[in-house]
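Trainee: Could you walk me through this protein, starting from the overall picture and then going into the details?

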Amino acid sequence: MGRSYGKPPGRRLTEAVRIERSSPWTWSANPRSTVYGETLRKAKDGEWRRWDPRRSKVSSGLLRTTAAPERLLPAPGSHVLYLGAGHGTTVSHIHDIVCHDQAQGRVVAVDLSPRCLRDLTRLAQARPGLVPVLGDARRHESWRMWLPQGASWVFQDVAQAHQASIFTAACERFLLPGGRGMLSLKVESDRGTDAAALRVKVEEELAAAELVLDEVIDLEGFEDDHLLFVVGRPEDA
Ligand SMILES: C[S@@+](CC[C@H](N)C(=O)[O-])C[C@H]1O[C@@H](n2cnc3c(N)ncnc32)[C@H](O)[C@@H]1O
């Protein structure tokens, strides 16, 4: 872990997020602790955490997008769904954002792996509003009770077969009108289909679910063989 003092990093994206050429940063909702050994930058009344783009597809997406990066982020106080939470690397930064400045946001973080759940549960003890769920992204019954009003931001990073249909099913059920969804697609996870054909197939599935495709971000260099599909649910959906 590195810790330094000084002026805030880069330029402001939102109250809770700043961005430099090499990395975004989030304002910590749990100061004086690191989640994965990330660098901390001390400020007068709190702390910035470096959001490593090599460890997080949302972070690398912020650096790679060709449009305004802030549109990829959830709002403070919002309820969000995160499928494939892993050990909580990205989840912790999303929690910084939705629970910024005591906002009553919620991150429902779902993962199949008991080992991941152990780490997520430890993280949640220090981060109110983070809800770890041991569950399958395909089986909504075990976690739908945590999102009674739906979610305004849905992110999926499960790296398994049929990623697009798992994502569209979750968005159809939980993503609110006007909400934003992001699907991290590991190209080799859908065997038997080449990358270009897979992309077309995914775009068709998104359209069939009435999700409007905003951008496809190639994460090559940060995460090889990964595409980030950014979609919106229309206000009148
Ligand atoms: C690439 S890792 C996630 C990394 C994480 N998103 C991050 O940025 O730190 C993929 C995760 O998806 C989980 N996973 C795979 N299939 C799943 C499913 N059907 N439901 C829930 N989680 C799943 C795995 O256990 C693994 O932790």
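Mentor: We will go from the whole chain to its domains, then to the core, the ligand and a few single residues, and please keep in mind throughout that this is a predicted model.

Trainee: Okay, how many helices and strands are there in the protein chain?

Mentor: The protein chain has five helices together with 13 strands. Its radius of gyration is 17 Å, which is close to the 18 Å that the globule rule gives for 237 residues, so the chain is as compact as a globular protein of that length. If you lay the C-alpha trace along its principal axes, it spans about 50 × 35 × 35 Å.

Trainee: And how much of the protein chain counts as buried?

Mentor: Of the 237 residues, 46% count as buried. As for how the chain folds back on itself, take the contacts between residues at least 6 apart in sequence: 62% of these join residues at least 24 apart.

Trainee: How is the protein chain divided into domains?

Mentor: Domain 1 covers residues 3-50, and domain 2 covers residues 57-232. Taken over C-alpha atoms, the centres of domain 1 and domain 2 are separated by 22 Å. Where the two domains meet, domain 1 gives 17 residues to the contact and domain 2 gives 19 residues.

Trainee: Which strands supply the side of domain 1 that touches domain 2?

Mentor: At least two residues each come from β2 (11-14), β3 (17-19) and β4 (24-27). The largest share of that side, three residues, is supplied by β4. Sorted by class, the residues on the side of domain 1 that touches domain 2 are nine nonpolar, six polar and two charged.

Trainee: Switching to the inside, which residues touch the most other members of the largest nonpolar core?

Mentor: That core holds 63 residues, and the ones touching the most other members are L81, Y82, A109 and F229. Both domain 1 (3-50) and domain 2 (57-232) give residues to this core, so it lies between them.

Trainee: Can you pick one of those, say Y82, and tell me what Y82 touches?

Mentor: Leaving out residues up to four places away in sequence, Y82 touches V91, I94, V107, V108, A109, V110 and F155.

Trainee: Now the ligand: how many residues surround it, and which are the closest?

Mentor: There are 18 residues around the ligand, and the closest are G84, G86, T89, T90 and A137. Helix α2 (89-98) and strand β8 (106-111) each supply at least two residues of this shell. By class, the shell around the ligand is made up of seven nonpolar, seven polar and four charged residues.

Trainee: Why is α2 described as largely enclosed by the rest of the structure?

Mentor: Nine of the ten residues of α2 are buried, so the helix is largely enclosed by the rest of the structure. The buried ones are T90, V91, S92, H93, I94, H95, D96, I97 and V98. Helix α1 (residues 57-64) is mostly covered too, with six of its eight residues buried, and these are K57, V58, S59, S60, G61 and L62.

Trainee: What about the loop between α2 and β8, where Q102 lies: is Q102 buried or exposed?

Mentor: Q102 counts as exposed because it has 11 other C-beta atoms within 10 Å, and the cut-off for exposed is 12 or fewer. The backbone of Q102 deserves a look as well, since its phi is positive, about 70 degrees, although Q102 is not a glycine. For background, most residues other than glycine have a negative phi.

Trainee: Where else should I look for a positive phi in a residue other than glycine?

Mentor: Look at E210, whose phi is near 60 degrees. E210 is found in the loop between α5 and β12 (212-218), and with 13 C-beta neighbours inside 10 Å it counts as partly exposed.

Trainee: Last one, where is G129, and what does G129 touch?

Mentor: G129 sits in the loop between α3 (114-126) and β9 (130-134). Not counting residues up to four places away in sequence, G129 touches H95, V98, C99, Q104, G105, R106 and V107. G129 and C99 are 30 residues apart in sequence, yet their C-alpha atoms are 7.1 Å apart in space. With 18 other C-beta atoms within 10 Å, G129 is partly exposed.

Note on methods
Residues are numbered from 1 along each chain as its sequence is written. This is a predicted model: local features need pLDDT of at least 70, side-chain atom pairs count only at pLDDT 80 or more; totals for chains, interfaces and linings use all residues. Domain bounds come from an automatic or database domain assignment. Two residues are in contact if their C-beta atoms, placed from the backbone, lie within 7 Å. Helices (H or I, at least four residues) and strands (E, at least two) are DSSP runs, numbered from the N terminus. Ala, Val, Leu, Ile, Met, Phe, Trp, Tyr, Cys and Pro count as nonpolar, Asp, Glu, Lys and Arg as charged, and the others, Gly among them, as polar. A nonpolar core is a set of buried Ala, Val, Leu, Ile, Met, Phe, Trp, Tyr and Cys residues joined through C-beta atoms within 7 Å. A residue is buried if 20 or more other C-beta atoms lie within 10 Å of its own, exposed if 12 or fewer, and partly exposed in between; C-beta atoms are placed from the backbone. A residue is near a molecule or strand if its C-beta atom, placed from the backbone, lies within 6 Å of it. The radius of gyration is taken over C-alpha atoms; the globule rule is 2.2 Å times the number of residues to the power 0.38.
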